[in-house]
Amino acid sequence: MGRSVKIEKVDVSVTSPGRNFVTLKLTTSDGVVGLGDATLNGRELAVASYLRDHVAALLVSREAHNIEDTWQYLYRGPYWRRGPVTMAAISAVDMALWDIKGKVAGLPVYQLLGGRSRRGALAYGHASGTTVEALFTAINNLLDDGFKAIRIQTGVPGLAKVYGVGSDQLAGQKYDYEPSGRTAVPIEEDWDTAAYLRHIPGVFEAVRGVFGPALPLLHDAHHRLTPNQGAQLGRSLEPFGLFWLEDCTPSENQEGLRRVRSQTTTPLAIGEVFNSVFDYQTLITEQLIDYVRSSATHTGGITGLRKLMDFAAIYQIKSGFHGPTDVSPVGMAAALHLDVAIHNFGIQEYMKHNEQTLGVFRTSYTFVDGLLDPGEKPGLGVELDEEVASALPYTPAYLPVNRLLDGTMHDW
Ligand code: CS2
Ligand code: MG
């Protein structure tokens, strides 16, 4: 059975280098450390408590090598299944166990997942502007930074704040958008779907006019449209050949995508708020999407995400893993090991973490010539500086909420 490796110690770190992160640290009887990302934006303490108060005691003296059994134990054992908090907790344990297995084996995790299927993972970066001119500057900054694919978000005339739009950049500057406000309660933003639907096609026309037909362009409608409005937008963007249109409609109602799919050929990406394969069942079996947007942090770790991608592969659906700054560098590393190993890879989101965050999490993944790579270090390849982390305690912060102009609560 190979040498036994027991989990001896369980620690949960909550730190806030510019934004809050929850990290699980498992230490084995041989002193091998495994890290897992358990960050659930705006509800971080709920997962930290779930791990500290309900999971930690269940892990001590368990066999660290039995990843699948531990996954099933934490999924079926509590009786109450799924949900963002439970699945973020399971995800963190799973990532930490793969980290340990890689370190014990002396191999980077992607080697345990079957080795390389590609030289590196094509990444997309975030460009935004309150105006089209400001957007052009942001796109040029990303191209200069080596990105080969770009997500476009812009201001909408008449709306003060719109999802994904950071400060307008000068040449050489970086995208600084951080949606979570360090406020005691969420900030409220206004939304006007009609104004948005009128404005967006013109933005893509302008961008294609300047940057040409070949540059892969992505856009995130961030769950704000009805299925028919999603169809409208998808169709109006067809002339501009998008890489994908993301979260065009809230997809708890998976069948709503039948309406969108029947009306447009614009590729569709969905799933960053999902936390299990069951959330995708209709979307995948009816080929209503082209890209799976889940992250390892929210969908059951490397074990859960790999199974989801094996299911998606049957339907020629590819990965487009969620990689915003609220997925920690540990969660990003886990995604990258899958990105280079799985066959049905599509693209990887890469919203770069700030220097303060990278002062807490020492990473070994690289970004060269538009491609991300997990690196060759055994395990996941990320270390947590606990001293620096403990000096930056949790700070209350919430994602904004959205209201229509008449005050109706809407999807942010
Ligand atoms: C977004 C996220 O990156 C994306 O595609 O949808 O930034 C999302 O808003 C955040 O992860 C929410 O925490
Ligand atoms: Mg998104």
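The magnesium ion (ligand 2) is held in this predicted model by three protein donors, D220 (OD), E246 (OE) and E272 (OE), which lie 2.0 to 2.2 Å from the ion. Donors here are N, O and S atoms within 2.8 Å of the metal (3.2 Å for Na, K and Ca), and water is not among the atoms, so the site may look incomplete. Along the chain, the donors follow the spacing D-x25-E-x25-E. E246 sits in strand β8 (residues 244-246) and E272 in the loop between β9 (268-270) and α9 (281-285), so that a pair 26 residues apart links distant parts of the chain. Helices (H or I, at least four residues) and strands (E, at least two) are DSSP runs, numbered from the N terminus.

Next, let's look at how accessible some glutamates are. Buried means under 20% relative accessible area, exposed over 50%, and partly exposed in between (1.4 Å probe, protein chains only).

| Residue | Relative accessible area | Class |
|---|---|---|
| E246 | 0% | buried |
| E272 | 11% | buried |
| E63 | 10% | buried |
| E255 | 45% | partly exposed |

E63 belongs to the loop between α1 (44-59) and α2 (67-76). Its side chain makes a 2.6 Å polar contact with that of S4; such a contact is a pair of N or O atoms within 3.5 Å and, within protein, one must be able to donate a hydrogen and the other to accept it, while residues adjacent in sequence count only if both atoms are side-chain atoms. Leaving aside residues up to four places away in sequence, E63 touches S4, V5, K6 and T70, where contact means heavy atoms within 4.5 Å.

E255 lies in the loop between β8 and α8 (256-263).

Residues are numbered from 1 along each chain as its sequence is written, and chains are lettered from A and ligands numbered from 1 in the order in which they are written. Local features need pLDDT of at least 70, side-chain atom pairs count only at pLDDT 80 or more, totals for chains, interfaces and linings use all residues, and side-chain values use heavy atoms, with hydrogens and water left out.
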